[in-house]
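Hello,

Here is the structure I promised to pass on to you. Please have a look at it first, and then read my notes below.

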Amino acid sequence: MYIVKRLLCVMCFVIAQPAMALTPIHLLNYQDSYGNLSLADSGNIRLPDPLTVNGNLNLENSRINMLPLRLIVKGNLNLAYSNIEHLPLALNVDGYINLAYSKIKELNFGLRVLGDLSVAHTQLKKLPDNLYVKGDLLLQNSKILTLPNKLVVDGNIYIGNMPLQDLPSDIIIGGSLYR
């Protein structure tokens, strides 16, 4: 009986372990000479807050479930296949944001993306009003039913295989709409 109780305590400890916190010094081990930071396929770790990445930030297929409250990425942000559910309010990304196949639940009101934005293959049900995308907006195979008010996309919008029902009258598309 003692062994079973001890085993249960060990299992509870393993399950309830908090995310390991990384310091900026730890992150140097994951950074290349161009300022790109890759923690792809990593476990659930906690990133330093605030965090500035001078290149791309790659968290593809990581089990990280929370981004720093203040995050600056001077390149691209790749969160594909990640456990990220929410983006920080103080988010600045100079390139694209890839959320394909991620667990994202919502995007911030007035989000500005200076490259492409991909929410393809997500469970996201709506986009925020006043969304601006300088590049392309990729929505394929998402659960989005309508596009938001005051949506501005300088590039193309890809809406293949999704239940989109109508377009708002105030949408601005610099490119084309592809089904």
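To start with a small puzzle: does Tyr158 count as buried, partly exposed or exposed? With a relative accessibility of 25%, Tyr158 counts as partly exposed, since the buried class ends under 20%. Please keep in mind that this is a predicted model.

Now the overall picture. The protein has 179 residues, and 41% of them count as buried. Two helices and 17 strands make up its list of elements. The accessible surface is about 10,300 Å², with carbon and sulfur atoms holding 55% of that area. Among contacts with a separation of 6 or more, 5% are between residues 24 or more positions apart.

Next, the interior. The largest nonpolar core contains 43 residues, and Leu107, Leu117, Leu127 and Leu139 have the most contacts inside it. Strands β4 (51-53), β6 and β8 each contribute at least two residues to this core. As background, nonpolar side chains tend to be buried together in soluble globular proteins. Leu107 gives a good view of the surroundings: beyond four places in sequence, its contacts include Leu87, Leu99, Leu117 and Leu127.

Strands β6 (residues 70-73) and β8 run parallel and are joined by four bridges. One residue to look for is Ile72, whose bridge partner in β8 is Asn92. Strand β8 (residues 90-93) has two faces: Leu91 and Val93 are on the covered one, while Ala90 and Asn92 are on the uncovered one. Leu71 sits in strand β6 and is buried, at 0% relative accessibility. Its C-alpha atom is 5.1 Å from that of Leu51, and the two residues are 20 apart along the chain. Leu71 also touches Leu57, Pro88, Ala90, Leu91 and Asn92, leaving aside neighbours within four places in sequence.

Two polar residues are worth a visit as well. Asn78 belongs to strand β7 (residues 77-78), and its relative accessible area of 10% makes it buried. Its side chain reaches the backbone nitrogen of Ala80 at 3.1 Å, and a polar contact of 3.4 Å joins it to the side chain of Asn98. Besides Asn98, Asn78 is in contact with Leu57, Asn58, Leu59 and Glu60, again without neighbours up to four places away.

The other is Ser142, found in the loop between β13 (137-138) and β14 (152-153). Ser142 is buried too, at 2% relative accessibility. A polar atom of its side chain lies 2.7 Å from the backbone oxygen of Leu139. Apart from residues up to four places away in sequence, Ser142 touches Val119, His121, Thr122, Met162 and Pro163.

Finally, back to the tyrosines. How many aromatic pairs are there? The count comes to two. Tyr81 and Tyr101 are stacked, because their ring centres are 4.6 Å apart and their planes are at 5 degrees. Tyr81 is in the loop between β7 and β8, and Tyr101 is in the loop between β9 (97-98) and β10 (112-113), 20 residues apart. Both are partly exposed, Tyr81 at 42% and Tyr101 at 38%.

The opening residue, Tyr158, forms a stacked pair with Tyr178, at 5.2 Å from centre to centre and 15 degrees between the planes. Tyr158 is in strand β15 (residues 157-158) and Tyr178 in strand β17 (residues 177-178), so this pair ties together parts that are 20 residues apart in sequence. Tyr178 is partly exposed, at 39% relative accessibility.

Enjoy exploring!

Best wishes

Definitions and conventions:
Residues numbered from 1 in each chain as written. Predicted model: local features only at pLDDT ≥ 70, side-chain atom pairs only at ≥ 80, totals over all residues. Heavy atoms only, no water. Buried < 20%, exposed > 50% of the residue type's maximum accessible area, 1.4 Å probe, protein only. Polar contact = N/O pair within 3.5 Å; in protein donor to acceptor, adjacent residues only side chain to side chain. Contact = heavy atoms within 4.5 Å. Areas by Shrake-Rupley, 256 points an atom, 1.4 Å probe, with all protein chains shown as cover. Pairing = 2+ DSSP bridges. Core = buried A, V, L, I, M, F, W, Y, C linked by side-chain atoms within 4.5 Å. Phe/Tyr/Trp six-rings, centres within 6.5 Å; stacked < 30°, edge-to-face > 60°.
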